[in-house]
Amino acid sequence: MPIIAAPCVKALLRAHPAYGESIPRLTAAGVRMLDPDTITSRGPDGLAAFDWPGIAGELARLTG
């Protein structure tokens, strides 16, 4: 079963060692990790918005 992780993580949290250590572990387990900078953007109010079409497209590529 294809699994995609689309994290919405601030740069400060990405700098934490636990985050960095989890990426290779998840990838080795078959999880397709999407780049937070690619799939999210922040508006002037600071709220995150996801690139849902991009995420859906990645899922479509994985499921063929």
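The points below describe a predicted model of one chain, from its overall make-up to its salt bridges.

1. Overall architecture. The chain holds 4 helices and 4 strands, and when the elements are read in sequence order they give the pattern β-α-α-β-α-β-β-α. Taken along the principal axes, the box that the C-alpha atoms fill is roughly 35 × 30 × 10 Å.

2. Burial and contacts. The chain has 64 residues, of which 20% count as buried. Among the contacts with a separation of 6 or more, 61% come from residues that stand 24 or more positions apart.

3. Surface and charge. About 4,600 Å² of the chain is exposed, and 64% of that area is supplied by carbon and sulfur atoms. The charged side chains number 6 positive and 6 negative, with the centres of the two sets lying 3 Å apart.

4. Salt bridges in general. A search of the whole structure finds 3 salt bridges, and these are taken in turn in the points that follow.

5. The bridge between D37 and R14. These two residues form a salt bridge in which the closest N and O atoms are 3.0 Å apart. The pair links distant parts of the chain, since D37 belongs to helix 3 (residues 36–39) and R14 to helix 1 (residues 11–14), with their positions 23 residues apart. As for their surroundings, D37 is exposed, with a relative accessible area of 54%, whereas R14 is partly exposed, at 25%.

6. The bridge between R32 and E58. Here the closest N and O atoms are 2.9 Å apart. This pair, too, links distant parts of the chain: R32 is in strand 2 (residues 31–33) and E58 is in helix 4 (residues 52–63), 26 residues apart. R32 counts as partly exposed, with 35% relative accessibility, while E58, with 11%, counts as buried.

7. The bridge between E58 and R61. The side chains of these residues meet in a salt bridge with an N to O distance of 2.8 Å. Because E58 and R61 are 3 residues apart in helix 4, they are separated by about one helical turn. R61 counts as exposed, with 59% relative accessibility.

8. A shared network. Which residues are joined into one network by salt bridges that share partners? They are R32, E58 and R61; E58 is the residue that bridges to R32 and also to R61. A reader who wishes to follow this network in the model may start from E58 in helix 4, which counts as buried, and go on from there to the exposed R61 and the partly exposed R32.

Note on methods: Residues numbered from 1 in each chain as written. Predicted model: local features only at pLDDT ≥ 70, side-chain atom pairs only at ≥ 80, totals over all residues. Heavy atoms only, no water. Helix = DSSP H or I, 4+ residues; strand = E, 2+ residues; numbered from the N terminus. Buried < 20%, exposed > 50% of the residue type's maximum accessible area, 1.4 Å probe, protein only. Contact = heavy atoms within 4.5 Å. Areas by Shrake-Rupley, 256 points an atom, 1.4 Å probe, with all protein chains shown as cover. Lys, Arg positive; Asp, Glu negative; His and termini not counted. Charge placed at Lys NZ, Arg CZ, Asp CG, Glu CD. Salt bridge = Lys/Arg side-chain N within 4 Å of Asp/Glu carboxyl O.
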